[in-house]
Amino acid sequence: MDGEDDAPKSLMEEMYANGIEGVDDAPSSSTSTTIRKNRPIISGEQLDIEAYAALYSGRTKIMRLIFLADHCDNSGMQLEALRMAYDELKKGENTQLFREVVQKIDGRLGPNYSTDATWCAMVDRKADQRKDKLESELNAYRTNLIKESIRMGYNDFGDFYYAHGALGDAFKSYVRTRDYCTTSKHIIQMCLSAILVSIEMGQFAHVTSYVSKAEQTPEALDPPTIAKLRCAAGLAHLEAKKYKLAARKFLEVGPELGNSYSEVIAPQDVATYGGLCALASFDRTELKNKVIDNINFRNFLELVPEVRELINDFYSSHYASCLEYLGNLKSNLMLDIHIHDHVETLYDQIRSKALIQYTHPFVSVDMRMMADAFKTSVAGLEKELESLITDNQIQARIDSHNKILYARHADQRNATFQRVLQTGNEFDWDVRAMLLRANLLKHEYNLRASRKI
Amino acid sequence: MNSVEGLVNQIQGLSTTASDVLSLQNLLKQADDSLHAESTRLLPFLDQLDPSKHSLGYLYFLEACTAGPVTKEQAGSYVLMIARFITSCIAEQIRLAPDKFITVCKRFKDQVLLLEEPLRGVAPMLTAIRKLQSSSEHLTALHPEFLLLCLLSRCYKAGLSILEEDVFEVDQPRDLFLFCYYGGMISIGKKWFRKALELLHNVVTAPMSTVNAIAVEAFKKYILVSLIHHGQSPTNLPKYASSVAQRNLKNLCQPYIELANSYSNGKIADIETYVEANKDKFESDNNLGLVKQAVSSMYKRNIQRLTQTYLTLSLQDIANRVQLNSPKEAEMHVLQMIKDGEIYATINQKDGMVRFLEDPEQYKTCEMIEHIDSSIQRLMTLSKKLNGVDELMSCDPLYLLKAGRERQRFDFDDFDNVPQRFNI
């Protein structure tokens with residue numbers, strides 16, 4: 001990568017400028033990867049898989065790599081991702097995923113990357129042994145009724161299942177520890193583990209409930225934990241398509257997050273998700289207050305300068321460049337496991353907001369100029385405007401002959417008169433029908449009463 | 001024979017004062033069976049009676065006369081006789097025997113239809129209604145017959161005066177159903193879709209314990225008319241419709257519901273294919289004309305929607321968006337709509353452009369003020385009437401009994417029964 005030439009000079013500045021505390025031990029442990037971590041990774045250029053994968057750790061790294069391999073069309077990138085997944089899996093104990101990855105590789109990477117049956121068998125055997133050991137220990141603790149040891153026993157079980165990919169069992173084990181938690185620290189630990197497993201499983205309802213549970217124990221919450229919980233909550237809202245709430249949560253994440261939550265999310269992701277959701281759902285004042293003037297969030301935005309640029313462009317009405325940035329980012333965003341199915345919706349919303357914001361201050365707008373500003377054709381623009389007008393998001397009318405958009409403000413006085421007359425008519429109709437029905441009912445009732453007698 | 005002659009004399013004698021007429025009525029009631037027994041020979045006696053003075057007696061005789069089966073030749077003479085009777089009879093006298101009067105008029109209608117000249121029956125029937133009604137809000141059994149004659153003779157305007165009145169008192173629910181149904185059909189014929197909607201709505205939401213055929217047919221037309229008038233069909237019946245209707249009407253009118261659904265999708269081609277496919281069903285219900293009107297109203301709806309978004313639009317664009325075949329057709333549609341007052345626009349033929357204008361109504365003219373004022377007056381009277389009915393209802397002993405049984409009990413006294421009669 002080009003950054004390596006500037007390595008000695010820029011390394012110091014970049015490390016201090018971004019304010020990210022410390023540098024994690026990257027798996028390949030070389031300076032080049034460390035530098036790469038501070039460079040924009042989610043950008044318009046083609047995704048650098050090694051750098052991308054270096055942001056994460058644990059199971060999510062493997063899942064992301066697999067997702068990448070499934071969804072990108074470049075076979076070079078595919079194989080690269082699968083290779084890294086294979087390596088990572090070899091370090092762990094998840095034989096199920098290992099077999100899947102091997103199947104996907106399909107022998108394309110040579111004999112080193114094929115089914116290693118001996119390794120699988122060995123891992124499985126060790127797993128069984130460990131499981132038996134854990135069970136016996138747990139039973140012992142249970143008979144002795146020592147709360148702390150029982151809790152640790154279940155915790156270990158949870159970790160064991162998680163490492164082996166049995167997410168449902170892991171979740172159950174973690175939840176079992178709840179009864180044996182004594183201090184708030186324990187509760188926090190349990191909540192965090194449950195959240196982690198739920199995110200991996202994709203069950204974001206649990207995420208929300210455990211986040212709120214954790215937030216209810218304020219004593220043991222230190223800033224990194226708060227930041228982690230906010231990230232998790234933001235992810236849950238994102239999955240539930242509640243973009244405004246997701247944006248708010250992501251924007252509240254403090255810089256203490258650092259790289260401490262790499263099992264789930266990277267700070268680049270916080271910036272991207274938060275920025276895009278905010279752009280799609282906030283109005284101008286909120287955007288200015290919470291995003292542009294937000295000092296904490298600025299640190300995150302530095303990691304993804306394209307997102308920062310596009311937010312500034314949108315706010316200063318440079319729609320063409322804003323939309324261009326968005327277009328460039330799209331291909332990489334589609335490879336991210338959390339946001340890929342929301343990209344289209346978010347983009348549509350951002351585009352509509354841009355169109356509405358453009359037309360808002362004017363009485364009349366030349367559609368040719370507007371089409372230039374949005375880098376689209378006049379016919380396409382006309383269609384988009386038409387749908388926005390029909391949805392009542394823009395109050396205007398199109399002069400199709402001269403291609404001008406005229407703002408149209410409804411005449412309140414006439415509208416009021418019309419409504420009054422209409423209400424009067426409806427009242428008239430309703431009351432007359434009601435009196436008629438009452439009469440019928442009375443008749444029927446009288447008939448029945450007379451029959452009874 | 002003697003009894004009949006005696007009766008004739010009595011009628012002639014006792015038809016002057018009100019009390020006499022009452023005693024005459026008793027006599028006639030007792031003699032009714034004997035009259036029916038001699039029905040074939042009563043015709044000459046009718047000449048002795050004068051319908052304008054001896055209305056009650058004449059009515060009894062007439063009713064007994066026409067009781068049997070009637071041939072076509074007889075029908076002709078009967079029709080004349082009854083028509084004359086109706087025009088000249090005294091309203092108070094015949095109101096003493098309304099059932100007989102209604103029977104006679106119904107037979108009159110049958111005979112008129114037998115002769116295949118419904119037009120002859122229209123005017124007499126109107127007079128009959130006016131004489132039988134106790135007030136203009138009263139719906140008699142003759143109303144639907146009258147409307148039926150209007151429908152069959154295509155004399156819609158005559159039905160107008162009857163339809164414009166508000167109906168509040170009803171003798172028989174069946175009369176109401178038929179009245180509203182026929183009224184709806186007449187309104188559709190005159191293209192008063194709003195009135196038609198109102199009448200059909202009354203049928204569909206009337207209280208009923210079982211679904212009847214009239215309600216089903218009315219519902220079919222209701223869907224079609226609301227498509228034409230509002231551009232959307234009622235998805236659900238309002239809450240006050242009877243539960244029987246809510247559950248069953250939709251199932252019985254399936255093709256119409258689907259037509260309404262495809263209408264709301266807005267694609268003309270779809271709806272036309274659907275109509276073609278189900279042509280027989282619509283035809284068997286005699287609704288094909290209405291269905292075609294609904295389909296053509298779709299073009300209108302689409303053009304109206306365009307007025308909301310565009311200030312000017314070329315005819316070619318209109319044709320494209322509304323799925324018409326050529327700009328010429330679009331021009332014709334727009335022209336028709338401007339003439340009907342459904343949109344406000346000007347067509348510039350040189351450029352082939354249509355310019356949509358705002359509703360020029362400024363609500364500043366004297367006519368508008370008068371209109372608003374009279375509406376306010378009308379609604380105030382209606383409101384007073386509503387209050388009056390409410391008060392009447394809350395004094396009704398049956399209502400008080402039921403409400404008393406189900407009221408909240410907060411006090412010892414509340415556990416007493418509601419007094420049914422005020423005994424001092």
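**Chain A overall, and two residues up close**

Chain A has a secondary structure of 22 helices and three strands. The model is a predicted one, so everything below is read off computed coordinates. Out of 453 residues in chain A, 47% come out as buried. As for who touches whom, contacts in chain A with a separation of 6 or more were sorted by distance along the sequence, and 61% of them join residues 24 or more positions apart. The accessible surface of chain A adds up to about 22,200 Å², with carbon and sulfur atoms supplying 52% of that area.

Zooming in on chain A, Thr177(A) sits in the loop that links helix H9 (167–176) to helix H10 (184–201). Its relative accessibility is just 1%, so Thr177(A) counts as buried, given that the cut-off for buried is under 20%. Setting aside residues up to four places away in sequence, the partners touched by Thr177(A) are Arg151(A), Tyr154(A), Asn155(A) and Met190(A).

Over in chain B, Glu272(B) belongs to helix H16, which covers residues 268–277. Here the relative accessibility is 39%, so Glu272(B) is classed as partly exposed, a label that applies between the 20% and 50% limits. Once neighbours within four places in sequence are left out, Glu272(B) makes contact with Val295(B) and Tyr299(B). Lys292(B) can be placed relative to this residue too: Glu272(B) and Lys292(B) lie 20 residues apart in sequence, with a C-alpha to C-alpha distance of 9.0 Å.

Conventions
Residues are numbered from 1 along each chain as its sequence is written. Chains are lettered from A and ligands numbered from 1 in the order in which they are written. This is a predicted model: local features need pLDDT of at least 70, side-chain atom pairs count only at pLDDT 80 or more; totals for chains, interfaces and linings use all residues. Side-chain values use heavy atoms; hydrogens and water are left out. Helices (H or I, at least four residues) and strands (E, at least two) are DSSP runs, numbered from the N terminus. Buried means under 20% relative accessible area, exposed over 50%, partly exposed in between (1.4 Å probe, protein chains only). Contact means heavy atoms within 4.5 Å. Accessible areas come from the Shrake-Rupley method with a 1.4 Å probe; for residues, only the protein chains shown count as cover.
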